[in-house]
Amino acid sequence: MPTFVYMTMCDGCGKCVELCPSDIMHIDPVNRRAYNVEPDMCWECYTCVKYCPEHAIDVRGYADFAPLGHGVTVLREPEKGAVSWKIKYRDGRIKEFTFPIRTTKWGSIKSPRDYPAPREDLIHTQLLSHEPEYLKVEKLPTLPLLSKEASRVKN
Amino acid sequence: MVAVNINMFLPASYFRLYVLILVLGAVLGILYDAVGRGKLKAYRHEREWKRSFGGTAGETHASHASVITRVLIRNILFSGEIASCREANIDRPRRAAHLLLFWGFIISALSMLLKAFVYPTLNASPLTNPLEISTNTGNAMLLLGGLLMLFMRVNVRSEKDSMFRLIRADMFLFSVILAIIFQFILEFVDLSGSLLATEIVLILYLPVTAFPFLSMAWSKFPHIVYKPIYAMHREIDAADGYSHLPNPSKVSFIKED
């Protein structure tokens, strides 16, 4: 279900606008706060919900786990690699869930730019860039190369 | 060259009336925006909704007075609310611009009130008189903060709008910058000693300065009232143990490698 912004809490920092993969988080022209311009087109990735430093973006939960009249809030803790959800049901019950989002330290994953560029002729192999060494395995199973393809790959 | 005495064109009693109209217009504008448009009612409803999520483990037992003092100093006087984005390249310039605008506005507004009600016939040098110096300092801070904020506008920075694309949210910023520019022009022509130029600029200065105050119901300026109230309520609720947010995770999923 799509996201929405509490205007009172929004600080107008613009991070959700930069992060939204659907480009539907925009800046309100009157108050200069973020808002979801096209809820129907929301991918429901919840990137903005999890990132918002003011916790100003909330979400209407899916009907199968939170029927109408509920409230869902989110707390992201990058230092613990966790995202917690709090759901208030319409009968007043409250449930909380915590999910791991990663096991490595925040900022420890190298950007693709930090890796050396692969050789051009490797495009003809069945392996992706830097496989298998960056997957930390010795070898990946591949189909045997045809003689024509094999000649293109020097190694 | 002798500076022009502006009291010749604008007697002290008229200037007092002018300042009173500005203050009254600002107060009425904010009241209309908060009460007339139902924002206050919606905010109370939102606060009750958040408090209905119940308590969390975060109760601090801090007194309301200490919470209000902390919010007043950290979040309001030092613009701590702006520094929440956790990205130094965004937070720092926004905070610097906000601090300049906030303190510049307070210094300028206080100086204007003092001039109107305590020293109505003051016609002193802007280089030596403390009140004139504080007025100019406040105005310079407002102008610098306003110009810096032009680059830090979130639609310009995040949505890559043109610097020159104006939206309604820009109304207050641009009207304040324009008013300050006119203030400096007025001071310049006043010092030049030209009676005609001073009279013409004064006629233009009065409506230009009045605009930001009288347009508050339609500009984003009322946030100077809303944001501190929200920050205080948020921190008081947190101190009382109310939070709509989940409890922090008890475990860390980060594995040391």
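**Exercise 1. State what covers the buried residues of H1(B), and name buried residues of this helix.**

Step 1. The cover of the buried residues of H1(B) includes H2 and helix H8 (195-214) of chain B. Helices here are DSSP runs of H or I with at least four residues, strands are runs of E with at least two, and both are numbered from the N terminus.

Step 2. B:Leu22, B:Ala26, B:Gly29 and B:Asp33 are buried in H1(B). A residue is buried if 20 or more other C-beta atoms, placed from the backbone, lie within 10 Å of its own, exposed if 12 or fewer, and partly exposed in between.

Step 3. The model is predicted: local features need pLDDT of at least 70, side-chain atom pairs count only at pLDDT 80 or more, and totals for chains, interfaces and linings use all residues. Residues are numbered from 1 along each chain as its sequence is written, while chains are lettered from A and ligands numbered from 1 in the order in which they are written.

**Exercise 2. Test the length of helix H1 (residues 12-36) of chain B against the expected span.**

Step 1. The expected span of a helix is 1.5 Å times one less than its number of residues.

Step 2. H1(B) has 25 residues and should therefore span 36 Å. Its end C-alpha atoms are 34 Å apart, which agrees.

Step 3. After H1(B) comes B:Gly38, with a positive phi near 80 degrees.

**Exercise 3. Is B:Leu20 buried or exposed?**

Step 1. B:Leu20 belongs to helix H1 of chain B.

Step 2. B:Leu20 counts as exposed because it has 12 C-beta neighbours inside 10 Å.

Step 3. B:Leu40 is 20 residues from B:Leu20 along the chain, and their C-alpha atoms are separated by 25 Å.

**Exercise 4. Describe the fold of chain B by its elements, box and contacts.**

Step 1. Chain B has nine helices and zero strands. From the N terminus on, the order is α-α-α-α-α-α-α-α-α.

Step 2. Along the principal axes, the C-alpha atoms of chain B fill a box of roughly 75 × 40 × 35 Å. Of the 257 residues in chain B, 25% are buried.

Step 3. Two residues are in contact if their C-beta atoms, placed from the backbone, lie within 7 Å. Among contacts in chain B between residues at least 6 apart in sequence, those that join residues at least 24 apart make up 76%.

**Exercise 5. Classify the packing of H5(B) with H7(B) and of H4(B) with H5(B).**

Step 1. Axes are lines fitted to C-alpha atoms, for helices over the stretch in contact, and angles run from 0 to 180 degrees between N-to-C directions. Angles under 35 degrees count as roughly parallel, over 145 as roughly antiparallel, 65 to 115 as roughly perpendicular and the rest as oblique.

Step 2. Helix H5 (residues 130-152) and helix H7 (residues 171-192) of chain B pack at about 140 degrees, with axes 9 Å apart. H5(B) is therefore oblique to H7(B).

Step 3. At this contact, B:Asn139, B:Leu142, B:Leu143, B:Gly146 and B:Met149 of H5(B) meet B:Leu173, B:Val176, B:Ile177, B:Ile180, B:Gln183 and B:Phe184 of H7(B). The classes are eight nonpolar, three polar and no charged residues. Ala, Val, Leu, Ile, Met, Phe, Trp, Tyr, Cys and Pro count as nonpolar, Asp, Glu, Lys and Arg as charged, and the others, Gly among them, as polar.

Step 4. Helix H4 (residues 88-117) of chain B packs on H5(B) at about 150 degrees, with the axes 7 Å apart. H4(B) is therefore roughly antiparallel to H5(B). Their contact has 16 nonpolar, 10 polar and two charged residues.

**Exercise 6. Describe the side of chain B that touches chain A.**

Step 1. In this interface, 31 residues of chain B contact 36 residues of chain A.

Step 2. Helix H2 (39-51) and helix H6 (154-157) of chain B are the elements that give two or more residues to this side. H6(B) supplies the largest share, three residues.

Step 3. The side of chain B that touches chain A has 14 nonpolar, nine polar and eight charged residues.

**Exercise 7. Which of A:Asp23 and A:Arg32 is buried, and which exposed?**

Step 1. A:Asp23 lies in the loop between helix H1 (15-19) and strand S2 (25-27) of chain A, and its phi is positive, near 55 degrees. A:Asp23 is exposed because 12 other C-beta atoms lie within 10 Å.

Step 2. A:Arg32 lies in the loop between S2 and strand S3 (34-36) of chain A, with a positive phi of about 50 degrees. A:Arg32 counts as buried because it has 20 C-beta neighbours inside 10 Å.
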